[in-house]
Amino acid sequence: MIKQLWSAGQRFQAGFFAFGRGLFFIARYRLWGYLLLPAFLSLVLGVTLIIAAFWAVQVVGDYWFVGGEWQWLYQGFIDILATLIAIFLALIGYQTLIPLVVIPFLGPLLNRVEKITTGQTIEVGWRRDLLNAIVGGWFALRDAVLQVIFLLLSFLTGPLQPIVMAIVNSFFLGRGSFDYLLEKHSTSLRERKLLTRAYTPQIYGLGLAQFLGLLIPLVGLVLVPPVGVVAAALLIQDHPPQQQLMAANAVSRR
């Protein structure tokens, strides 16, 4: 048990620091040109969602406006709570749409990374690409519903709500970066689920680094998606999918 926890902790740490490895890899091989379109789309998407979320929360806040002697309470606690809600709503919307709007345009970057590191790229047919797009869209909608549920439940944790939601968002951010690669390394949904479980510590570690990166205004929106995908590619090369599948199948047969 202790050995397993230690291993999970090491892989979580590897996932967290892989974000820096991804950024260094892009800089070392001068891959900035591959980031232009995805970065622009991510920036537009993020800014739009932030503005929309804060506008929606403000409209609801004005509807529940409390005047008189309780005005100071409304301006204090409620404003802070509304800001947190707006931030997490924007994150939920961002995580839902980024696999559909931004990550598909990271294909050339990923192919270049594979070419540099392995000497070849992994190609899949258009039918599989279409199926992966449909499955990815369904996963994005499902995850959005789950995150809204988690957001509502997090109110029960009181002052720990930001920490709880940071953990939840870290998982979905990290998995979003891994999903695009796992589509290429798996032949079925079962394999994809097994690989997701196998890479869970790295997913949480990378996701936490991405979550912290998104807190940097504008720069985070530009760098997080491409750097996250490159980092996930490097992590997958550290622990090849076939080894992970063999280990997962061995555990399931016990």
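Here are three short exercises, with solutions, on helices in this predicted model.

**Exercise 1.** Work out how helices H6 and H8 are oriented to each other, and what kinds of residues join them.

*Solution.*
- Start with the geometry: H6 (residues 161–185) packs against H8 (residues 200–214) at an angle of about 105°, and their axes lie 7 Å apart.
- Angles of 65 to 115 degrees count as roughly perpendicular, so H6 is roughly perpendicular to H8.
- Next, look at who touches whom: H6 contributes residues including Ala-166, Ser-170 and Phe-178, while Ile-203, Gly-207 and Phe-211 are among those from H8.
- Finally, sort the residues of this contact: 11 are nonpolar, 7 polar and 1 charged.

**Exercise 2.** Check the span of helix H9 (residues 219–238) against what its number of residues predicts, then describe the helix further.

*Solution.*
- With 20 residues at 1.5 Å a residue, H9 should span 28 Å.
- The end C-alpha atoms of H9 are 28 Å apart, so the two values agree.
- Now look along the helix: H9 has a kink of about 25°, centred on Pro-225.
- As for its surroundings, H9 is mostly covered, with 15 of its 20 residues buried.

**Exercise 3.** Decide whether Gly-22 is buried or exposed, and find its contacts beyond its neighbours within four places in sequence.

*Solution.*
- First place the residue: Gly-22 sits in helix H1 (residues 2–28).
- Buried means under 20% relative accessible area; Gly-22 has 0% relative accessibility, so it counts as buried.
- Setting those sequence neighbours aside, Gly-22 is in contact with Val-227, Val-230, Ala-231 and Leu-234.
- One more distance to try: the C-alpha atoms of Gly-22 and Pro-226 are separated by 8.6 Å, although these residues are 204 residues apart along the chain.

How values were computed: Residues are numbered from 1 along each chain as its sequence is written. This is a predicted model: local features need pLDDT of at least 70, side-chain atom pairs count only at pLDDT 80 or more; totals for chains, interfaces and linings use all residues. Side-chain values use heavy atoms; hydrogens and water are left out. Axes are lines fitted to C-alpha atoms, for helices over the stretch in contact, and angles run from 0 to 180 degrees between N-to-C directions. Helices (H or I, at least four residues) and strands (E, at least two) are DSSP runs, numbered from the N terminus. Angles under 35 degrees count as roughly parallel, over 145 as roughly antiparallel, 65 to 115 as roughly perpendicular and the rest as oblique. Contact means heavy atoms within 4.5 Å. Ala, Val, Leu, Ile, Met, Phe, Trp, Tyr, Cys and Pro count as nonpolar, Asp, Glu, Lys and Arg as charged, and the others, Gly among them, as polar. The expected span of a helix is 1.5 Å times one less than its number of residues. The bend at a residue is the angle between axes fitted to the seven residues ending there and the seven starting there. Buried means under 20% relative accessible area, exposed over 50%, partly exposed in between (1.4 Å probe, protein chains only).
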